[in-house]
Amino acid sequence: MKNKSLSSLRINDERFRANFETLAAIGATPDGGVHRPALSEAHLEARRWFLEHAKQIGLDARMDGAGNHSAVLLCGRAGGPTLLLGSHLDSVPYGGRFDGALGVVAALEVLQVVKEQGISLNTHLEAIDFTDEEGHFANFVGSLGLAGRLEPEHIQHPRGGRDRFRQALCQAGLSESSLFSAGRDPATLAGYLELHIEQGIRLIESGIQIGVVTNIVGIRSFKIKFIGRADHAGTTPMDKRLDAAQGASAFTLASRELVMNEFPGYVATVGNMEFEPGVFNVVPHTVTVALEFRADDDHKLDEMEAALRQQVSVAAQQFGLESETEHLDNTPPAHMNDQVREAFVNVSKALGLKHTFLPSGAGHDAQCMAEICPTGMIFVPSVGGFSHSAKEFTEWEDCANGANALLQAALMLAR
Ligand SMILES: [Zn+2]
């Protein structure tokens, strides 16, 4: 096919929708969502559907040591690299039907269109479903594994415990050691493209169909201890207490003000507080606060960290407390590839779709892939911004627009 006719190629909307609905029925909940936590029975069933569907449409279906499911179309030159398209089939517990699933079904549809047209490209195409994107056991196990970035500490303390993790891996035909065998040689990869719902309200509120992702935010998390003194809750006057709860609360309120005033558009969250001894009748001697904050560039993260640390000292001092700050985790921001971004912009224009640039406030497999190959993402509008809930919804027209943008960008980059 000539380039001109390639640009007129579109996905088969009816078929795409039917496949999406079939998948949404696996692990479906009565309220319209799906319950497919990674490696659960419903998730494994969704993955069996992926493999069977891929074989049915004549693709080469396989699974790697990290459990990533792939469908390969050898449409490139012999020995040429592979362009990956995908997302994830797992969901958060009682999540929505679009998060992840849309990107995987769209990737399969793109491959099917290219296959039935018999198009020869410069690179091969592969639809991929990554393992445990949502971190049911451990964040991004599949994409970290494929990127060769999985470290033993990533799976040292899986959520739900190591025995349960091992058991779940075993049921899926995997093991802890197999997870480390999935690394690919970056030289064999032409790039990675992901279509995803926005999970926010920026696109829907501005009536824009395609969000071209610039960066995926970096996340830093800290455990902060406010330490005072345990005292009798009945006999210790208010002004004689070293009450750790007061410092923790003052910090929590101040962190909101700080971010809203000095770091507009960014976010900080106190997600948990643990009180010790944690009873009604004792002034708490220690409160441990779980803090995380996000920004799309490292310099901003540094500035936020310094300002928040300063706020910890101020809050502790105000109530005569000691404080300890422990750095837990640092996920750096991931930058989407310029050439891939440009491709998404060009195809949006060619398809007559309005586009805008925006950072992703949520983590995605694309951040792991960005470390080893040219990577890009697009978002389509989420009605009401709901996500990680059964209320998650994207108009079908927007899903189809996203899939066509994915198809056209893949053709542009694989040519
Ligand atoms: Zn997702």
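Which residues are buried in H3? This note takes up that point first and then turns to other features of the predicted model.

1. Basis of the note. The model is predicted, so local features need pLDDT of at least 70 and side-chain atom pairs count only at pLDDT 80 or more, whereas totals for chains, interfaces and linings use all residues. Residues are numbered from 1 along each chain as its sequence is written, and side-chain values use heavy atoms, with hydrogens and water left out.

2. Helix H3. The buried residues of H3 are Ala42, His43, Leu44, Ala46, Arg47, Trp49, Phe50, His53 and Ala54. Buried means under 20% relative accessible area, exposed over 50%, and partly exposed in between (1.4 Å probe, protein chains only). Helices (H or I, at least four residues) and strands (E, at least two) are DSSP runs, numbered from the N terminus. The buried residues of H3 pack against helices H2 (13-24), H4 and H6 (162-171), and against strands S1 (60-63), S2 (69-73) and S4 (124-129); contact means heavy atoms within 4.5 Å. H3 (residues 41-56) has 16 residues, which at 1.5 Å a residue should span 22 Å, and its end C-alpha atoms are indeed 22 Å apart. The expected span is 1.5 Å times one less than the number of residues. Just after H3, Gly58 has a positive phi of about 85°.

3. Zinc site. His88 (NE2), Asp99 (OD) and His196 (NE2) coordinate the zinc ion at 2.0 to 2.2 Å. Asp99, in the loop between strand S3 (82-87) and helix H4 (101-117), and His196, in strand S5 (residues 189-197), are 97 residues apart and link distant parts of the chain. The donor spacing is H-x10-D-x96-H. Donors are N, O and S atoms within 2.8 Å of the metal (3.2 Å for Na, K and Ca); water is not among the atoms, so sites may look incomplete. Asp99 counts as buried because its relative accessibility is 6%, and His196 is likewise buried at 1%.

4. Ser91. This residue is also found in the loop between S3 and H4. Ser91 is buried, with a relative accessible area of 4%. Leaving aside residues up to four places away in sequence, Ser91 touches Val34, His35, Arg36, Pro37, Ala38 and Glu134.

5. Salt bridges. The whole structure holds 22 salt bridges, each a side-chain nitrogen of Lys or Arg within 4 Å of a carboxyl oxygen of Asp or Glu. One of them joins Glu116 and Arg15 (3.0 Å, N to O). This pair links helix H4 with helix H2, 101 residues apart. Arg15 is buried, with a relative accessible area of 18%.

6. Helix H9. Asp302 and Arg220 meet in a salt bridge (2.9 Å, N to O). Asp302 lies in helix H9 (residues 298-318) and Arg220 in strand S7 (residues 218-227), 82 residues apart. Asp302 is partly exposed at 42% relative accessibility, whereas Arg220 is buried at 6%. Both belong to a salt-bridge network with Asp298, Glu305 and Arg309. A further salt bridge, between Lys300 and Glu303 (3.5 Å, N to O), lies within H9, its partners three residues apart, about one turn of the helix.

7. Lys240. Lys240 is placed in the loop between strand S8 (231-232) and helix H8 (244-262). Lys240 counts as exposed, at 51% relative accessibility. Apart from residues up to four places away in sequence, Lys240 touches Arg229 and Asp231.
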